[in-house]
Amino acid sequence: MTQDRSRAEQRLMNKAVHYLGRYIASQQRLREVLRRFAMRKLESHDAAELARAIEAVVADCIRLGYVDDAAFAMARARSKRRGGGSALAIRRGLAQHAIDKTLVDEALAAADETTRDGELAAALRLAARRRIGPYFRRGHDEDTRRRHLASLARAGFSFATARAVIDLEGPEAADRLAESLQEGAPG
């Protein structure tokens, strides 16, 4: 039985290293991947023993630096902010990975460290990407304005932030505001 246990644990470690070589992952995500692998490939082993082996492999991956929830949260927050993600959307996404709220707060603060208002800057980036609000090329009527506000609200931005973006007059004004939000920029 000892040989089976070490063989199962070794297969789990091989799977973890292979997966982490391709993807950055949180502890929670690695556990999910290993559980699915164990259900498919190691079904003949004792379930309690597999659970222990999965936790041992996750602990080894943490100890070896292969998995780091703080680095994962930081990378995900920065990436989502660059893409126009709201703090609410980022928090929800990281909550799915069972990332500690303190780590999420730190990651958001780090993602916003170069801007005076990270939320407004992200809303401007999203508006530019989706070509809504000041980046909308056709006429602006009240119905279009409401649809654009709703789009930003669904993305997790507050009404005040969405309105501040939608009410801008044209892409030049939006670009000037975005530039003024960068740390070190005059204004």
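Hi everyone, let's start with one residue: arginine 31, which is found in helix 2. When I say helix, I mean a DSSP run of H or I with at least four residues, while a strand is a run of E with at least two, and both are numbered from the N terminus. A word on what we are looking at: this is a predicted model, where local features need pLDDT of at least 70, side-chain atom pairs count only at pLDDT 80 or more, and totals for chains, interfaces and linings use all residues. Residues are numbered from 1 along each chain as its sequence is written, and side-chain values use heavy atoms, with hydrogens and water left out.

Back to our arginine. Is arginine 31 buried or exposed? Arginine 31 counts as buried, because its relative accessibility is 15% and buried means under 20% relative accessible area, with exposed over 50% and partly exposed in between, using a 1.4 Å probe and protein chains only. What does it touch? Leaving out neighbours within four places in sequence, arginine 31 is in contact with Ile54, Glu55 and Val58, where contact means heavy atoms within 4.5 Å. If you look for leucine 103, 72 residues apart from arginine 31 along the chain, you will find the two C-alpha atoms separated by 19 Å.

Now let's zoom out to the whole chain. How many helices and strands are there? The chain has ten helices and zero strands, so reading from the N terminus you meet α-α-α-α-α-α-α-α-α-α. The radius of gyration is 22 Å, well over the 16 Å that the globule rule gives for 187 residues, so the chain is more spread out than a compact globule. That radius is taken over C-alpha atoms, and the globule rule is 2.2 Å times the number of residues to the power 0.38. Along the principal axes, the C-alpha atoms fill a box of roughly 70 × 35 × 25 Å.

A few more totals for the chain. Of its 187 residues, 42% count as buried. Among contacts with a separation of 6 or more, 70% come from residues 24 or more positions apart.

Next, please find helix 5 on your screens. Its buried residues are Ala87, Ile90 and Leu94. Seen down the axis of helix 5, these fall within an arc of 65°, so they line one face of the helix; the arc is that of the directions from the helix axis to the C-beta atoms. Here is a handy rule: an α-helix has 3.6 residues a turn, so residues three or four places apart point the same way. On the other side of helix 5, Arg92 and Ala95 are exposed. What covers the buried residues of helix 5? The cover includes helix 4, helix 6 and helix 7.

Helix 6 spans residues 101–111, and Val104, Ala107, Leu108, Ala110 and Ala111 are buried there. Down the axis of helix 6, the buried residues fall within an arc of 160°, so they line one face of the helix. Helix 4 (69–82) and helix 5 (87–95) are among the elements that cover them.

Between helix 5 and helix 6 there is a loop, and alanine 98 is found in it. Alanine 98 has a phi near 60°, a positive value in a residue other than glycine. Arginine 131 has a positive phi too, near 55°, and is also a residue other than glycine. Where is arginine 131? Arginine 131 sits in the loop between helix 7 (118–130) and helix 8 (142–154), and at 54% relative accessibility it counts as exposed.

Let's visit two more loops. Leucine 42 lies between helix 2 (27–41) and helix 3 (47–63), and at 1% relative accessibility it counts as buried. Not counting residues up to four places away in sequence, leucine 42 touches Ala8, Arg11, Leu12, Phe37 and Leu50. The C-alpha atoms of leucine 42 and leucine 12 are separated by 9.2 Å, with their positions 30 residues apart along the chain. Aspartate 68, in the loop between helix 3 and helix 4, is partly exposed, with a relative accessible area of 40%. Its C-alpha atom is 8.9 Å from that of isoleucine 24, and the two are 44 residues apart along the chain.

Last stop: threonine 161, in helix 9 (residues 159–166). Threonine 161 counts as buried at 15% relative accessibility, and beyond residues up to four places away in sequence, it touches Glu119, Leu120 and Ala123. Thanks for listening!
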